[in-house]
Each structure stands twice: as structure tokens, then as C-alpha cells.
Amino acid sequence: MNRIVNDKETREIGRKLKELRMKLQLTQQEFANKLYWDVSSYQKIERGKTLMTLDKAVQLHREYDVDLNYFIAGDPCNVEDVLGRTVISVPREESIQLFIRLFEYMISFLESDAVKKDPEDGE
């Protein structure tokens, strides 16, 4: 299975995370603590060695009101985003099926090799 997020994108997410932390004038330890993240895991994400998990992305959004669409995909979004337009433009039953498929996709991604430990990290 091909990776959904490539190494360049993973590094870009780490760069944006570091940029946010620096803007907030926090050390890596302070930033990780504020989000209840393990600092060594945070450092790997910031260096672009690994991806943050979905729960970490949600914490980041809640704590700092980060636009995850921009942060993760690089595309700023607003209230009229693609998912929102899709959901309101289809019948209710179809939108429920779309959400179910989305959650199934997210679960399969989280269980895939793409989010497992990188063997090049040596950890």
C-alpha cells in the first residue's frame, strides 16, 4: 500500500508545528507538556521523522485553534469547505454513509504501515 503522506509532507507538517511553537515562544518541553504529549514523540514529529496521530492533531486544534486542513494538507479552509458542501448537498442517508466511509478510511490508515514506527529512526 502506498503511503498517503510522503516524507516531504511529513517534514512540512513538522516545520509548521515548529513554526507555531516558536511563534508561541515555547520550548519543545513546554509545548509538549501543554498538549499532554511525550516530549520525545513531539520532537520526532517536529523533525519530520513521524506523523502526529489523529488524537494529537485534535488536541493541537483544540488548544491553539489551529486550522488542521491548512496545517496537515496545506490548504486553508473555511466554513464552506469541501466536506461541508458535500454533506449539505446530498440526501441525509447518503451523508451518513459518507461519514461511515470516512471513519473506516481513517481507521484503516491508522492501522496501516504509514503510521507505524519508521525503521530508519532506529527506535
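What pLDDT does the protein average, and what share of the residues score at least 70?

**Figure 1. Overview of the predicted model and its confidence.** The protein averages a pLDDT of 79, and 76% of the residues score at least 70. Confidence is not uniform along the chain, being highest in α3, with a mean of 94, and lowest in helix α6 (residues 82-89), with a mean of 62. The protein has seven helices and zero strands, and buried residues make up 25% of its 123 residues. Among the contacts between residues at least 6 apart in sequence, 49% join residues at least 24 apart.

**Figure 2. Helix α1 and its buried face.** The 17 residues of α1 should span 24 Å at 1.5 Å a residue, and the end C-alpha atoms of the helix are indeed 24 Å apart, so the expected and modelled values agree. Within α1, the buried residues are T10, I13, G14, K16, L17, L20 and R21. Seen down the helix axis, these buried residues fall within an arc of 160 degrees, and they therefore line one face of α1. On the other side of the helix, K8 and K23 are exposed, while the cover over the buried residues includes α2, α3, α4 and α5 (68-73).

**Figure 3. The N-terminal cap of α1 and the residue that follows the helix.** N6 caps the N-terminal end of α1, with a side-chain oxygen of N6 placed 3.0 Å from the backbone nitrogen of K8. After α1 comes Q25, which lies in the loop between α1 and α2 and has a positive phi near 55 degrees although Q25 is a residue other than glycine. Because its relative accessibility is 71%, Q25 counts as exposed.

**Figure 4. The largest nonpolar core, with L17 as one of its members.** This core holds 18 residues, of which L17, F31, W37, M52, L60, Y64 and F71 touch the most other members. Each of the helices α1 (7-23), α2 (28-34), α3 and α4 (54-64) supplies at least two residues of the core. Leaving aside neighbours within four places in sequence, L17 is in contact with F31, W37, Y42, I45, E46, L60 and F71. In soluble globular proteins, nonpolar side chains tend to be buried together.

**Figure 5. E46, a buried residue of α3 that has a polar contact with R21.** E46 is found in helix α3 (residues 39-46), and because its relative accessible area is 9%, under the 20% limit, E46 counts as buried. A polar contact of 2.8 Å joins the side chain of E46 to that of R21, and R21 is itself among the buried residues of α1. When neighbours within four places in sequence are left aside, the residues in contact with E46 are G14, R15, L17, K18, R21 and Q28.

**Figure 6. Two loop residues, L51 and D65, one buried and one exposed.** L51 lies in the loop between α3 and α4 and counts as buried because its relative accessibility is 19%, under the 20% limit. Although L51 and T10 are 41 residues apart in sequence, their C-alpha atoms are 6.2 Å apart in space. D65, in the loop between α4 and α5, counts as exposed at 63% relative accessibility, and D65 has a positive phi of about 50 degrees although it is not a glycine.

Notes
Residues are numbered from 1 along each chain as its sequence is written. This is a predicted model: local features need pLDDT of at least 70, side-chain atom pairs count only at pLDDT 80 or more; totals for chains, interfaces and linings use all residues. Side-chain values use heavy atoms; hydrogens and water are left out. Helices (H or I, at least four residues) and strands (E, at least two) are DSSP runs, numbered from the N terminus. Buried means under 20% relative accessible area, exposed over 50%, partly exposed in between (1.4 Å probe, protein chains only). A polar contact is a pair of N or O atoms within 3.5 Å; within protein, one must be able to donate a hydrogen and the other to accept it, and residues adjacent in sequence count only if both atoms are side-chain atoms. Contact means heavy atoms within 4.5 Å. A nonpolar core is a set of buried Ala, Val, Leu, Ile, Met, Phe, Trp, Tyr and Cys residues joined through side-chain atoms within 4.5 Å. The expected span of a helix is 1.5 Å times one less than its number of residues. The arc is that of the directions from the helix axis to the C-beta atoms. pLDDT is the predictor's confidence in each residue, from 0 to 100.
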